[in-house]
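Welcome, and thanks for taking a look at this one with us. Below is a short tour that starts at a single side chain and then widens out to whole chains.

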Amino acid sequence: MLHTVSGPGSAGHVGSTAAAPLVAYRIMLRARLLDDKFAALSRAGKIHGGVFLGRGQEALSVAVGVSLDKSDVFAPLIRDAAGRLAFGEPLIDAVRTYLGSALGPMRGRDGNVHRGYPREGLLPMISHLGAMVSVVNGVLFARRMKGITGCVGVACLGEGATSTGAFHEALNQAAVEKLPLILVVANNQFAYSTPNSRQFACASLADKAVGYGVESHSVDGTDFAGCLETLSSAVNRARTGHGPQLVVANLLRLCGHGEHDDAHYIPTEIKNSPLGRDCLKVAEKFLLEHNYVGADMFIGWRNEAIREIEAAVAQVLREAAPDPFAEEWTAISSKYLMEGHAS
Amino acid sequence: MSITYLEAIREAQAHALRDDPRVFIYGQDVGAFGGAFKATKNLAREFPGRVLDSPISEDAMVGLAVGAAIEGLRPIIEMQFADFSTVGFNQIVNQAATLFWRTQVSCPITVRLPFGGTSGSGPFHSQSLEAIYAHYPGLIVLTPATVEDAYSMLLAAVAIDDPVIFCEHKLLYYHLKSEKLPSEALPVGKARIAREGRDLTIVTYSAMVHEALAAAAELATEGWEIEVVDLRSIKPLDTDTVIASVARTGRLLCVGEAWPWGGVTAEVVARVTAEGYGLLDAPPQRLNAKDTPVPYHPNLWAAHRPTSRSVAAAARNLLRT
Ligand SMILES: Cc1ncc(C[n+]2csc(CCOP(=O)(O)OP(=O)(O)O)c2C)c(N)n1
């Protein structure tokens, strides 16, 4: 059974084409700037409810997204703005969902990071941690039953979610069914405020793979190239029939749990440790050192992304809010079975 | 030839598997073994690859069903006992029940709950959980009381585009028999007048329909004509049929095997009181199980749940007021 621990990523093995790291970097940058915009909108009181950012986790998240094909299945979690963009979610979807536009995929019925298109393989998370994994299993199971081959599914989680019963049930289920599931755990050291010492007692979360009989991959989640390499190989293993893959990335979230949280509980020593490196800076350094790009390109890309984000926000701020009088106020699709409709 | 309530459930699943390639069954021991109650007997052999054993993981069983439904399939999940569905509760009420409302993608899954008390089963193999599921928006909750309904409503459940909680009563599995399977049925969501009467209405569902009918027969010997309404479906609840019955009789007794706090009987009383207050000649009454876990010993069990005797006694009291 394969259990890999990646050292620093190298050039050459990152992605399928020479341009892949550049594509990935530009998506990370857009995700970072989009998150920054949500933080600003939140401070300005323009967003109802929570704001959850993926700052510091973009390398891992984008690596997931760029490793997948459009026909795969993806269940992102709260810190996956980069992975979503890479998988093909339109940037405006995030803006519409955060601002509650009636034109967004959730039409104001659900907000912030709860968004997606189930039929297109982008599963909209429910809040209950661990609950999306078995749903990914179900999509993969059904596709196999229908004779569709070659696709994989990713479920993203934080290390806190590995303590849920749902995580255990679903990873075991995927292993029993030998499904092409890649379970990506972002071990960012804290689940809200709870440190790893109060969350689990194994030396590494990747050790859990042995107990489930699945393959595992550990990677430094701040290492851009390492994440691209690891995710690409984990996805490839799943796609070529090696069953579920557990990927554990060690990193730190460089923000609060949500924008309401100042993360005062994260000790300075951890922030100053290698775990606290900013993966975006690491990516830039990597691209420069390996001559993918000159430093002058970064500012242009940044400005382009800012223009795109500002345009999306300006557009969505003009869009209609959901109208309570136009709502059907029913949760079922079989209208003939609505309460009060018996005849 | 006669067919039992349990066989009707098996036949309905065979029928669904035969007619619709999108249907599959997933649950503990449902494969070669045929299920703890034999509700899937021989189905794995007749429909290879479509009747599958699951690990003991109720949460993941329902989660998998939701994913399969997103992909256009129509899973039937067998909970070994309704009591264990609480382990899959989150996926039922938060994942399955919210999917359509959030995304406009419907979630056609059927979750079969073998439920209700049988003597000797005790606190964890006897529960009646219909009211808890009915409380959540986004779910349909069915409670067939007859062999015919067990068959036709399970077929209907699989065809419904929303998640259905199918509550099949274990006490009826072997005892309840019918000559043949029905070719037509009342629509889901419509209650049935199981016995006509003009002095008092008993509204009930599932196994308690039979206790109510026995009570009505006993009261008939005393000169009372009791109407028995079988709800068939808890959600949607056919308030119209209930109120029309109360309009005829002026008296309402609601009987349920579930616990007394809240629940279906309370819901029916609330609706009749709000919408048909002027039709009532006496305060509406409820009869439920006692507010304790379901006891193991037959003496205790028989006293815990409503029976034809306690139903008849409650009806007599109400007829005197
Ligand atoms: C089942 C469940 N319990 C509690 C919560 C509340 N909650 C939301 S996020 C969170 C911390 C999650 O930590 P982790 O899984 O490590 O992900 P991270 O936020 O670090 O990315 C908690 C406790 C929840 N959403 N679901």
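## A buried acid at the start

Which side chain of opposite charge is nearest to B:Asp162, and how far away is it? In this predicted model, the answer is A:Lys335, at 7.2 Å. B:Asp162 is buried yet has no salt bridge, because a salt bridge would need a side-chain nitrogen of Lys or Arg within 4 Å of a carboxyl oxygen.

What does the side chain of B:Asp162 reach instead? The backbone nitrogen of A:Ser333 is there at 2.7 Å. In sequence terms, B:Asp162 sits in the loop that links α6 (147-159) to β7 (164-169) of chain B. Setting aside neighbours within four places in sequence, its contacts in chain A are with A:Ile332, A:Ser333 and A:Ser334. On the chain B side, B:Asp162 is in contact with B:Cys107, B:Pro108, B:Ile109 and B:Ile140.

## A covered helix in chain A

Helix α4 of chain A, residues 91-99, is mostly covered, with nine of its nine residues buried. The run begins with A:Leu91, A:Ile92 and A:Asp93, and the buried residues also include A:Arg96, A:Thr97 and A:Tyr98. Among the elements that cover them are α1 (20-43), α3 (81-87) and α11 (296-317) of chain A. After the helix comes A:Gly100, with a positive phi near 70 degrees.

Two of those helix residues turn up again in the surroundings of A:Asn112, which lies in the loop between α4 and α5 (131-145) of chain A. Not counting residues up to four places away in sequence, A:Asn112 touches A:Thr97 and A:Tyr98, together with A:Gly50 and A:Phe52. Is A:Asn112 buried or exposed? With a relative accessible area of 12%, A:Asn112 is buried, because buried means under 20%.

## A partly exposed asparagine in chain B

B:Asn317 belongs to helix α12 (residues 308-320) of chain B. Its relative accessible area is 48%, so B:Asn317 is partly exposed. The side chain of B:Asn317 makes a polar contact with that of B:Arg320, at 3.1 Å.

For a sense of distance, take B:His297: it is 20 residues from B:Asn317 in sequence, and the two are 28 Å apart in space, C-alpha to C-alpha.

## Chain A as a whole

Chain A has 11 helices and eight strands. Its radius of gyration is 20 Å, close to the 20 Å that the globule rule gives for 343 residues, so chain A is as compact as a globular protein of that length. The C-alpha trace of chain A spans about 65 × 50 × 40 Å along its principal axes.

Of the 343 residues in chain A, 57% count as buried. Among contacts in chain A between residues at least 6 apart in sequence, 74% join residues at least 24 apart. Chain A exposes about 13,900 Å², with 56% of that supplied by carbon and sulfur atoms.

## Chain B as a whole

Chain B holds 12 helices and 14 strands. The radius of gyration here is 19 Å, close to the 20 Å that the globule rule gives for 321 residues, so chain B is as compact as a globular protein of that length. Along its principal axes, the C-alpha trace of chain B spans about 60 × 40 × 40 Å.

Buried residues make up 63% of the 321 in chain B. Of the contacts in chain B with a separation of 6 or more, residues 24 or more positions apart account for 80%. The exposed area of chain B is about 11,600 Å², and carbon and sulfur atoms supply 56% of it.

Technical notes:
Residues numbered from 1 in each chain as written. Chains lettered and ligands numbered in written order. Heavy atoms only, no water. Buried < 20%, exposed > 50% of the residue type's maximum accessible area, 1.4 Å probe, protein only. Helix = DSSP H or I, 4+ residues; strand = E, 2+ residues; numbered from the N terminus. Contact = heavy atoms within 4.5 Å. Lys, Arg positive; Asp, Glu negative; His and termini not counted. Polar contact = N/O pair within 3.5 Å; in protein donor to acceptor, adjacent residues only side chain to side chain. Rg over C-alpha atoms; globule rule 2.2 N^0.38 Å. Areas by Shrake-Rupley, 256 points an atom, 1.4 Å probe, with all protein chains shown as cover.
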